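Please look over the sequence and the model shown here before reading on. The paragraphs that follow lead through the two chains one part at a time.

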Amino acid sequence: MLQAILAALATVAAIIVVVAIVVHRRHRNDNEMHVHPQNMNSIKTFGVSAQGKPASTTPRVKPDQVSGSVPGESMHGRFLAFGVFAAAVFGTLGARLWSMQVLQYDDYRQRSNENLYTTIYTPAPRGIIYDADGRALVQNRTNYVALASSDVANNHDVVLRLSGLLGIPYEVVRQRILDTTTGTQSNRVVADNLSMRNVSYLVEHADAFPGVTTQLRTERSYPYDALAAHVLGYTGTVSDDDLQNQSEGQNYQSGDVVGRSGVEATYEDVLAGDHGTRVVLADANGDVQQVISETDPTRGNDLYLTIKAPVQYAADRALADLLAPDGRFGAGDGTGGCVVCLDARDGGVVALSSCPTFSPSTFTGGVSQDVWDAFNTDESQYPLMDRVVSGTYPAASTFKAFSALAALTDGVATAQSTYNCTGVWYGFGEDYPHRCLREGGHGTLNLQQGIANSCDIVFYNIAKSFWDQRDTLGQDALQDFIEKYGFGQQEGIDLSGEAAGRVPTPEWKANYFRDEPEEGQWVGGDMSNMIIGQGYTLVTPLQIACGYAGIATGTIYRPHLMKEVHNSLGQTVLSYNAQVNYEPDVEQQYLDLVRNGLRDVITVNTAEMGDLGQQSFTVAGKTGTAEVANKDDYAWFVCYAPADNPRYVVACLIEQGVYPGTSAIPVAGTVLKAAMASDDGTVDQNIQPITSSYTYVTYTSSSSNSRSD
Amino acid sequence: MPQIRQISSLATPNAQVAAATKPRRFKYLNAPLMIIVALLTIYGLVVVYSAVSTNSQYNFSRQLMGVALGVVLMVLLFRYDYHQLSHYMTFFLILNVVLILMPHLPLIGMSANGATSWVRIGPLSFQPGEFAKISVILLAASVMQRYGGHLDDPREYLKTLVIMLIPFLCIMTQPDLGTGLVYLFIDAVALITGGANKKFLWITLAVFVGGVVALFTLDPILDQIAGHDVLIKDYQKARLLVFLDNSYDPTGDGYNLQQAKIAIGSGGLFGKGLMNAQQSTLGYLPESATDFIFCVLAEEFGFFGALALLVLYALLIWQCYRVAYNANDLFGAVIVMCVCGMWLFQILENIGMDIGLMPITGIPLPFVSFGSSFMIVNFIMLGFIGSVWAHNRR
């Protein structure tokens, strides 16, 4: 707008100046026309022909004759129009130049700089991830890769030379160049881990390899392969979406490596380094003319985890031995499983293992679509899923500890209450028989014995009491108490994808079955199902571990993996401060009763417990057998030790493990013993790489078989 | 009209008469005009030097030779009495046709960038279309002078139009629309200053505008019938789109305009300094020595440098305008006005396209753009203007 006004003003001014000059000249010509060439000619003639005569007959030149003989005069209007046109041209050009070069200078200057100066980013190595004792779980390594642009695939000679140099079959080289999974624009990786000999050959004979370049990359390396895979997570190349949706303080460039899961993702901002930058003056072809400035990349901060590698190794090893004894997943008992070990005193995760697992290195430098698809099928049992935080299961008998505390707190049961178990219970009518796990029944039991023997009928009676007193206690009395231990809510662990689980309430059920109101009625059966952790109740293994830590110590800390952050100079810049998630208000005598019951579990069920009863420390725990529709029973075991001064709590779930005694108990026991041993330094420090119990190779071989059938 | 004063004595004539009849010190040299041209040429050479210094495609000494040859021809023309040329209308017509159609001849004709507009004879290569600008001007002037400023007969007017259109039709066979538009503008100036009836002029303008509108309306239909570009080429459509929306396709068809504007705008008030036109030296701005030379000037010398050029141009036009205004025959006046008009049009188009005011066409900037044919032609034009000035004594 401003420039338009200026242009108009300049034009008008120019026109005025021109008109003024023209009018002025015309005026002067009018006054001094006597020197006009035509007049002079006639004067001359007159002078020659009329010598000596007086000038009385001086001829006058007729005005029309004068103007008619000089085009400048006769075409005056047209000449003037031309002058105005010229003035308008110069005025417009000048005004426009003023607007561009003065008013919009900053904008154009910036665009010129964007043209000329290019910032080249050199990737910074990510921080290293250590366990609690400073053992590196994820490191960086340098890797020379050979890259080829897509059009090289059509250049037979170059592909042939690459094939010969790298020792890769011709067709494989061609396939890798044609592979578009890392994006259609980017260069394709032909080979990685090049030897220095091959790198120098490629560089020296660049003219024989048009379109082929070598690149030095810093990549994640995993000294223990799949150890703690679900804790660490994997990395990937930054996506276009990430690049477009960067938050404040982030500066991702195409080709950067970012954390995609696990702590790699949670602590992305900590681990990511600062790019090195080179500002260069480049010509239109992109050739660098001059380096203006240069900074070195800064490595990301190092992350110290609460994980103890020997305990983690014990956990990974125990699950792998159970579920994939011959190295192939699916050959052992159970179809999947997980185990988590928490430090009950501050919520630190000492070990977290989920099976089947994966090798994070599979994702280094990009994962192909085939592998990605294979990781997300029912057949593969979803190796990428972290069952500890994302898996939701019926809590089964592990729930009884919380039910018992609720009953005591709400006065539905007392330490002196006794129950008679005959193997079957008709509390909700003859049409609804409830059976105990032990067919003949347990006989007469008090509450503590009910916990120790995991007698369902004891708890059915409690459920009926809750149901009968729902008018005085409230319909949600049991649920309200259970939620004090963190069920039905996320624990807030520093891993993504955490599930909240579910504690069913009448409102929830009515909403869930809102299309079939008859089904949505809250009935006594819902109470008797919930009280033994079945029915609509869903928990994550992490919630069970946290809940038992609450029973063991009275306080539930927020589970966490981060211990400390050290900067690239080795200084501690961040330490985790334990945070209390829940502090349930429960009377000490009730807690003691339940704790004693849990301690009795180990001694009463000697056959199942193996050597857990013969340790130097006392163990308390609870088994569970979860019924899942259309599946074999899922086996639970949760335990903590020492029972009188709890330090570690371990929760283990084996999908379709059926008997806790042959699945969950040995796994959890191994982990608990390793955790206890880690405190007095007797834990086995010999850690071998964990191989992924599930591999892409086994999947493709089986699927190709089924295809040929 | 004032009465002329009586001359009382022939022995002591009136001082004003004496001044008017006094012979010029340099009879053939219009000093103010020459100073302006010298400044303009030097300024242009400096800018061209900086533009070609990093580009081996151009030969700066060729440009110097063009200037030298042009100056010699100009000085020779000063002494030549242009009046004689007014009788050679038919000759100019034939010369035009021969010149403009020359590139179509086998052996000597050359094609470049989709247009057959170059001729090579031995070591010499030039664009006859550039030289034809001279004969187009002489043709137009000689046609107009036959009517003595009163072209009022419709039949004669039509005849004039037909004669004037012949060079344009010839150049469109190359094809070279940019030069063709220069011819048309020259003819328009000749018709207006040569005294064609105003009514006819308005009708001609209306027909011209109507024709352009019809061209754009018919073009898509004809394209569809023929299945390929008939009248307006794809690149011409793209240039128009860029002109209508400066930000259209900034990396493709709009690239040149974007880079031209960046070069000019980033020059600022005082410019980046001589030999420091980064946009052109680093290859972002194409054709920087020829069509986009103004961008180099504006980037190196900024707003004041650009303004200085505009002032020099304005003074040049003003001086020539004075020569035309004071010429005592129509032929001379029309020649000078046509040259003025041609320069003005080229200045407007060349600078205008760089700053997004005009669509992009390949029209060079007088006395500045690289090109020795173009330099020589401009000096020959100056020679004619000098001739008109010298042979119209005050």
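What percentage of the 709 residues in chain A is buried? Buried residues come to 42% of chain A, where a residue counts as buried if 20 or more other C-beta atoms lie within 10 Å of its own, as exposed if 12 or fewer do, and as partly exposed in between, with the C-beta atoms placed from the backbone. This is a predicted model, in which local features need pLDDT of at least 70 and side-chain atom pairs count only at pLDDT 80 or more, while totals for chains, interfaces and linings use all residues. Residues are numbered from 1 along each chain as its sequence is written, and chains are lettered from A and ligands numbered from 1 in the order in which they are written.

Chain A has 28 helices and 23 strands, these being DSSP runs numbered from the N terminus, with helices (H or I) of at least four residues and strands (E) of at least two. Among the contacts in chain A with a separation of 6 or more, 72% are made by residues 24 or more positions apart; two residues are in contact if their C-beta atoms, placed from the backbone, lie within 7 Å.

One part of chain A to find is an open sheet of five strands, which has the order S12-S11-S23-S22-S21 and antiparallel pairing, two strands being paired if DSSP finds at least two bridges between them. S12 and strand S21 (620-626) of chain A stand at the edges with a single partner strand each, so one side of each is left without a neighbour in the sheet. On average, neighbouring strands of this sheet are turned by 5° against each other, direction ignored; axes are lines fitted to C-alpha atoms, for helices over the stretch in contact, and angles run from 0 to 180 degrees between N-to-C directions.

At one edge of this sheet, strand S11 (residues 336-343) of chain A is joined to S12(A) by six bridges, and the two run antiparallel. Gly337(A) stands opposite Cys355(A) in S12(A), and in the hairpin of S11(A) and S12(A), with five residues between the strands, Gly347(A) takes a positive phi near 85°. Seven of the seven residues of strand S12 (residues 349-355) of chain A are buried, so this strand is largely enclosed by the rest of the structure. At the other edge, seven bridges join S21(A) to strand S22 (residues 634-641) of chain A, again in an antiparallel arrangement, and the bridge partner of Gly621(A) in S22(A) is Cys639(A). Helix H27 (residues 664-680) of chain A lies across S11, S12, S21, S22 and strand S23 (648-655) of chain A, and runs at about 155° to S23(A).

Elsewhere in chain A, helix H24 (residues 541-553) has 13 residues and reaches 18 Å from its first C-alpha to its last, close to the 18 Å expected at 1.5 Å a residue, where the expected span is 1.5 Å times one less than the number of residues. Twelve of the 13 residues of H24(A) are buried, so this helix is largely enclosed by the rest of the structure. Just after H24(A), Gly554(A) takes a positive phi of about 90°.

Chain B, to which we now turn, has 14 helices and three strands, and 48% of its 394 residues count as buried. Its three strands form an open sheet in the order S1-S2-S3, with antiparallel pairing. Strand S2 (residues 115-121) of chain B is joined to S3(B) by three bridges, and the bridge partner of Ile121(B) in S3(B) is Leu124(B).

Helix H12 (residues 293-326) of chain B has 34 residues, but its end C-alpha atoms are only 34 Å apart, short of the 50 Å that a straight helix would reach at 1.5 Å a residue. H12(B) has a kink of about 125° centred on Gly302(B), the bend at a residue being the angle between axes fitted to the seven residues ending there and the seven starting there. Of the 34 residues of H12(B), 25 are buried, so the helix is largely enclosed by the rest of the structure.

The two chains meet where the axes of helix H5 (residues 76-103) of chain A and H12(B) come within 11 Å and cross at roughly 175°. H5(A) and H12(B) are therefore roughly antiparallel to each other, a description used for angles over 145 degrees, whereas those under 35 count as roughly parallel, 65 to 115 as roughly perpendicular and the rest as oblique. Residues of H5(A), including Phe79(A), Phe90(A) and Trp98(A), meet residues of H12(B), among them Gly302(B), Phe303(B) and Tyr321(B).
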